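New to this one? Have a look at the sequence and the structure first, and then we'll walk through it topic by topic.

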Amino acid sequence: MKPTKKVPTFFHEFKNQPIPSIDKESYRLVVGGEVENPLELSLYDLARNFPVVESRRRFYCVNGWSLEALWRGVSVEAVLKGARPIPEAPFLRSVSVGGYEDTSSIRELVHGDALLVTHMDGEPLSPERGFPMRLMLFDRYQFRGVKALTQLAVVREYRPGAWVRYGYTDATIQPFPHLAIDTGEEIMPDECVVDRSTRLQQTR
Ligand SMILES: Nc1nc2c(c(=O)[nH]1)N[C@H]1C(S)=C(S)[C@@H](COP(=O)(O)O)O[C@H]1N2
Ligand SMILES: [Mo]
């Protein structure tokens, strides 16, 4: 039998505050910045205009734990294809409703099959897990994966996000066992893709 999941909730911007409730009808994901075709997508637009993907993957927190689930959403690659970033702007900044942000290299996100996730284990994300949408990366620490996502901005310049300002300059998953919240076991990350060229680019 699986142990009950007690998943830690990281919401840096809402520390000691309730997580604001987001109205699913009026919610829009704004995809803008240095793009030829800016988008403003409702949850309905997102599901209708892009292929829905489902993937059972484990994510890793820099604090040494991990969580596997069945995630459903659309690929970052597909949404960016729709928005058409200009070639001079190689980064994507993700911003939450509360202003938490992080910036990743578009190349890395596409290469790592990053997802814009709306469902976990068949259910819409709970407020704690980042309703209505979260960016998820599976080959980098999840501090780059912004929950309660409201804006994606294609930008020319890298800018350090919240965790990076705390000193976590490298999001590469480290080769030591991480506690699996879902099984209680210590699990060795098996998909740590280290590509030195993009890593250097991302951390300047
Ligand atoms: N908006 C927002 N997104 C965030 C964070 C945050 O503080 N605020 N923390 C990140 C970190 S460090 C991790 S490990 C994961 C944790 O996801 P969980 O809260 O669903 O466990 O969310 C990431 N996304
Ligand atoms: Mo984390």
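What radius of gyration does the chain have, and why does that agree with a compact globule? With 204 residues, a compact globule would come out near 17 Å, and the chain has 16 Å, so the two agree. Keep in mind that this is a predicted model. As for its parts, you'll find five helices and twelve strands in the chain.

**The chain as a whole**

- If you drew a box around the C-alpha atoms along the principal axes, it would be roughly 50 × 40 × 35 Å.
- Buried residues make up 49% of the 204 in the chain.
- Take the contacts with a separation of 6 or more: 67% of them come from residues 24 or more positions apart.

**Surface and charge**

- About 10200 Å² of the chain is exposed, and 52% of that comes from carbon and sulfur atoms.
- The chain carries 26 positive and 27 negative charges, and the mean positions of the two sets lie 2 Å apart.

**Helix α2 and what follows**

- Helix α2 covers residues 76-83, and its buried residues are V76, A78, V79, L80 and A83.
- Right after α2 comes R84, which has a positive phi of about 55°.

**Strand β5, inside and out**

- Strand β5 spans residues 91-96, and six of its six residues are buried.
- In a regular strand, side chains alternate between the two faces of the sheet.
- On one side of β5 sit F91, R93 and V95, on the other L92, S94 and S96, and all of these are buried, so both faces are covered.

**The partners of β5**

- Which strand forms a hairpin with β5? That's β6, with four residues between the two strands.
- In the turn of this hairpin, G99 has a positive phi of about 95°.
- Strand β6 takes in residues 101-105, and five bridges pair it with β5 in the antiparallel sense.
- Look across from F91 and you'll see S105 of β6 standing opposite.
- How many bridges join β5 to strand β10? There are six, and these two strands also run antiparallel, with β10 made up of residues 149-155.
- For a landmark in this pairing, find R93, which stands opposite A153 in β10.

**To take away**

- β5 is a handy strand to start from: its six residues are buried, it pairs with β6 over five bridges, and six bridges link it to β10.

Key: Residues numbered from 1 in each chain as written. Chains lettered and ligands numbered in written order. Predicted model: local features only at pLDDT ≥ 70, side-chain atom pairs only at ≥ 80, totals over all residues. Heavy atoms only, no water. Rg over C-alpha atoms; globule rule 2.2 N^0.38 Å. Buried < 20%, exposed > 50% of the residue type's maximum accessible area, 1.4 Å probe, protein only. Contact = heavy atoms within 4.5 Å. Areas by Shrake-Rupley, 256 points an atom, 1.4 Å probe, with all protein chains shown as cover. Lys, Arg positive; Asp, Glu negative; His and termini not counted. Charge placed at Lys NZ, Arg CZ, Asp CG, Glu CD. Pairing = 2+ DSSP bridges.
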